[in-house]
Amino acid sequence: MRPTFLPYNQPEVGEDEWRAVGEAIMSRWITRGRLTQQLEEALADYLGVPEVVGLSSCTAGLHLALMAAGVGPGDEVISTPMTFAASINVIDQVGAKPVLVDVDEDTGNLNLDLVEQAITRRTKAVLPVHYGGHSVDLVRLNRIRDRWGLAIIEDAAHALGSRHDGHLVGSSGNLTAFSFYATKNLTTGEGGALVVPDAAMAERIRALSLHGLSRNAWNRYSEGGDWRYDVMAPGYKYNMTDIEAAMGLTQWAKFEAMQQKRAQLASHYQQRLRLLPVVVPAVRPGFDHAWHLFPIHLRLDVMSKTRDQVIEELRRRNIGTAVHFIPIPHFTYYQRRYGFKPNDFPHAETFYASEISLPLYPSMSFEDVDDVVDALAESVGD
Ligand SMILES: *Cc1c(COP(=O)(O)O)cnc(C)c1O
């Protein structure tokens, strides 16, 4: 047994981030400014899109995206039960009705046949989640968008660097929100970014992220700034800060290397797990996985232990794990407000009941992966 606890997740931050954040502080410009703009530009270049807006979180991005798409009371938004509460909370917060449809059993992503069947006159948008870093079928999703004239708001919290058909998630003209939360593949501590299809909408999103103040008001205390400003709409306080962006730019410089290490660790897991009664994460042909998660499924049909027992056994063997996700219909608020029942989403239920997310992050060694697999081999036995 390994002598020390292997945490489920650990952000890849150290002296470089510490120095960059220190420099941002010493510049005395600590809120939205030049560094935030630099991070926005780096991401826009990478994705090949005109506009990316730095924000305080992915959740803020999803919220502003729904507002920018004009989603409100009376509208329906089709989404997935297999996500974090944030994706569905924002639909409720703009006064629209979340309509959930079941997921594909292999990827845990929205089943696009069911999405099409759920479209009504009230449907205004689809909010898919690229579960674990495996993209939704973007070709088919965008065909649905064009055929029915829907807004697509992608929850890409797991999917920076994920590709379908060679195209990066975030590059297909949809409002796409990324998360830079502590556990995500690129982190600013707390933070996020929203890909916006055009400059006019980006200006509106930037304004909404800063109290609804008019253009360049973020700049009002600088030497060239103007003290005058107008309020265009009752906005929110969702802007990114330059302290966060300083960390983000440092992370950005090593993003490809971090992604490569994740892919190598994932590949090592795949090989080592072959003899165990588990199903490794699906990677469909034509998809490049971003490996935010390494979600395995226990073959409960050939085991006597439950998933929860295996998690406990792993913990006793010094291995941290997580579960992604408790499906939305399990939560009291969503049951009461919308009448969701877990059994209405049978694939999400089986996906959830057998799922364990194993540790996967760049500072892990291949020996760490071996430790996890060895502990799992002991934990699944009788
Ligand atoms: C982490 C996460 C979010 C929320 O991201 P924040 O940046 O913390 O707001 C949203 N959706 C999914 C699927 C996530 O995993």
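Modeller: Before we look at this predicted model, take one term: a cavity is a set of grid points where a 1.4 Å probe fits but cannot get out, and its lining residues have an atom within 4 Å of a point.

Biologist: Which residues lie nearest the centre of the largest cavity, and how many line it?

Modeller: The general idea is that rolling a probe the size of a water molecule over the atoms shows where empty space is left. In this structure the largest cavity holds about 70 Å³ of space, and 14 residues line it, with Gln10, Pro11, Glu12, Lys184 and Arg262 nearest its centre. Its lining has five nonpolar, six polar and three charged residues, and at least three of the lining residues come from each of domain 1 (15–253) and domain 2 (255–380).

Biologist: How many cavities of 30 Å³ or more are there, and what lines the second largest?

Modeller: The count is two, and the second largest has about 50 Å³ of space. Its lining includes Ala157, His158, Phe180, Lys184 and His292, and by class this lining divides into five nonpolar, four polar and one charged.

Biologist: Turning to helix H2, why should its 14 residues span 20 Å?

Modeller: Each residue is counted at 1.5 Å, so the helix, residues 34–47, should span 20 Å, and this agrees with its end C-alpha atoms, which are 20 Å apart.

Biologist: Which residues of H2 are buried, and what phi does Gly48 take just after H2?

Modeller: Leu35, Thr36, Leu39, Glu40, Ala42, Leu43, Ala44, Tyr46 and Leu47 are buried in H2, while Gly48, just after the helix, takes a positive phi of about 70 degrees.

How values were computed: Residues numbered from 1 in each chain as written. Predicted model: local features only at pLDDT ≥ 70, side-chain atom pairs only at ≥ 80, totals over all residues. Heavy atoms only, no water. 1 Å grid on protein atoms, 1.4 Å probe; cavity = no way out; pocket = protein on both sides within 12 Å on 5 of 7 lines; lining within 4 Å. Points joined across faces, edges and corners; volume = space filled by probe spheres on them. Nonpolar A, V, L, I, M, F, W, Y, C, P; charged D, E, K, R; others polar. Domains from an automatic or database assignment. Helix = DSSP H or I, 4+ residues; strand = E, 2+ residues; numbered from the N terminus. Expected span 1.5 Å × (residues − 1). Buried < 20%, exposed > 50% of the residue type's maximum accessible area, 1.4 Å probe, protein only.
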